[in-house]
Amino acid sequence: MTHHTSTAVTWTAIACVALFAIAGEVLIAAAMRNLGDLDLIRAKSGLPGTIRAVLGSPLFLVGAFCMAFNYFAQLFLVSRVDLSLALPAVGSCTYVGNAIAAKYFLHENVDRRRWMAALFVCVGVYLLTK
Amino acid sequence: MKHRLSLQQYLILLTVMITASLGDTLLSRGMSQIGAVDLHHLLLLFRALANLNIIAGTILLVGFFASYMTALSWADLTFVMPATAFGNVMIALLSRFWLHEHLSLSRWIGILLITCAVGFIANSPARTEHSPDSDPFAGPKLTQVDPGIGL
């Protein structure tokens, strides 16, 4: 760990980044699901119409706020914590958290194959960044 | 259920993979140039926005965000997730075969695991069916609980 950041601060920062990433992604996924295929909207209303439709979604706006907060929290994290710890920790928490949130909040059909994929990605990202 | 993706949709997933990993790499390179940001000097984060690596990384991440949202409009979150992770595999393979860097055994195993994960997902439908009544984000009334399929 760089700059003598305490363990509590490190893991609090990692948890914050992961939680905001999960909240942002789930809210944006819900917003996009409600809007429908953006390619079809763009074909019908053009790019300005698509942007209006996206920006008019409250779910998207809250999700984008979470992602923006996540962005700055991530900048803070990588400036204080070794990338070799920050990247796999945030990545792993986010992948598993997203799978759980997708099942319980988005009601996606997360079957055994998708759980396996989430776990494989989780371990794979950890090994890649070692 | 939607089983097959069009060429354009595969290209969007490819854009998600490339922009996510390149954007993150440029962002971390930029922040290593800026140095540590103290809790009492958080405004330094705004000064980081003038760094060229941060700017390029941010532009790539905006591209990632646009393609990611497009993918989420026709695919499940759990379908798109491994695509973002596969970007890490692409970076590792580029560093091995283009930059001739050494890849340890653990990294090769990591590449294998993520590739397997993408293989699992690629054979599944991009969007799983669900009842609008069971979606808490779809409407004000929640009258039915979707049991889903667990382990």
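**Entry 1: helices 1 and 3 of chain B**

How close do the axes of helix 1 of chain B and helix 3 of chain B come, and at what angle do they cross? I looked this up first, keeping in mind that I'm working on a predicted model. The two axes come within 7 Å and cross at roughly 155°. Angles over 145 degrees count as roughly antiparallel, so that is what I call helix 1 of chain B and helix 3 of chain B. I then checked the hand, and helix 1 of chain B passes helix 3 of chain B in a left-handed crossing. I sorted the residues of this contact by class and got 14 nonpolar, ten polar and one charged.

**Entry 2: helices 1 and 3 of chain A**

Next I tried the pair with these numbers in chain A. Helix 1 of chain A packs on helix 3 of chain A with the axes 8 Å apart, at an angle of about 155°. That makes helix 1 of chain A roughly antiparallel to helix 3 of chain A. Their crossing is left-handed. I noted 20 nonpolar residues in this contact, along with five polar and one charged.

**Entry 3: chain A overall**

I stepped back to look at the whole of chain A. I find five helices and zero strands there, so to speak a plain α-α-α-α-α when I read along the sequence. I also took the extent of the C-alpha trace of chain A along its principal axes, and it spans about 55 × 35 × 25 Å.

**Entry 4: where the chains meet**

How many residues of chain A are in contact with chain B? I get 49, and they touch 44 residues of chain B. On the chain A side, the elements that give two or more residues are helix 1 (7–35), helix 2 (38–55), helix 3, helix 4 (83–104) and helix 5 (112–128). Which of these gives the most? Helix 5 of chain A does, with 14 residues. I split this side of chain A by class too: 30 residues are nonpolar, eight are polar and eleven are charged.

**Entry 5: one helix pair across the interface**

I zoomed in on helix 3 (residues 58–80) of chain A and helix 1 (residues 7–34) of chain B, whose axes come within 9 Å and cross at roughly 60°. Helix 3 of chain A and helix 1 of chain B are therefore oblique to each other. I have this crossing down as right-handed.

Which residues meet here? From helix 3 of chain A I listed A:Leu75, A:Val78 and A:Ser79, and from helix 1 of chain B I listed B:Ser28, B:Met31 and B:Ile34. By class, I make that contact four nonpolar and two polar residues, with no charged ones.

**Entry 6: the UniProt records**

I pulled the "transmembrane region" annotations for both chains, and both come from unreviewed entries. For chain A, UniProt lists residues 12–32, 53–73 and 85–106. I checked two of these spans against the model. Residues 53–73 of chain A come out as 90% helix and 0% strand, with the end C-alpha atoms 28 Å apart. Residues 85–106 of chain A are 91% helix and 0% strand, and there the end C-alpha atoms lie 30 Å apart.

For chain B, the UniProt annotation covers residues 39–65, 77–99 and 105–122. I looked at residues 105–122 of chain B, and that span is 100% helix and 0% strand, with 26 Å between its end C-alpha atoms.

**Entry 7: how confident is the predictor?**

I went through the confidence scores last. The mean pLDDT of chain A is 85, and 94% of its residues reach 70 or more. Among the elements of chain A, helix 1 has the highest mean pLDDT, at 89, and helix 4 has the lowest, at 83.

Chain B averages 76, with 79% of the residues scoring at least 70. Where in chain B is the confidence of the elements lowest, and where is it highest? The low end is helix 2 (residues 44–47) of chain B, at a mean of 75, and the high end is helix 3 (residues 52–72) of chain B, at 90. I flagged residues 139–151 of chain B, where the pLDDT is below 50. Beyond near neighbours in sequence, that stretch has 19 contacts in the model.

For the complex, I noted the predictor's ipTM of 0.79 and pTM of 0.73.

Methods. Residues are numbered from 1 along each chain as its sequence is written. Chains are lettered from A and ligands numbered from 1 in the order in which they are written. This is a predicted model: local features need pLDDT of at least 70, side-chain atom pairs count only at pLDDT 80 or more; totals for chains, interfaces and linings use all residues. Axes are lines fitted to C-alpha atoms, for helices over the stretch in contact, and angles run from 0 to 180 degrees between N-to-C directions. Helices (H or I, at least four residues) and strands (E, at least two) are DSSP runs, numbered from the N terminus. Angles under 35 degrees count as roughly parallel, over 145 as roughly antiparallel, 65 to 115 as roughly perpendicular and the rest as oblique. A crossing is left-handed if the near helix is turned anticlockwise from the far one by less than a right angle, and right-handed if clockwise. Two residues are in contact if their C-beta atoms, placed from the backbone, lie within 7 Å. Ala, Val, Leu, Ile, Met, Phe, Trp, Tyr, Cys and Pro count as nonpolar, Asp, Glu, Lys and Arg as charged, and the others, Gly among them, as polar. UniProt positions are given in the numbering used here, feature names are shortened, and annotations may be inferred rather than shown by experiment. pLDDT is the predictor's confidence in each residue, from 0 to 100.
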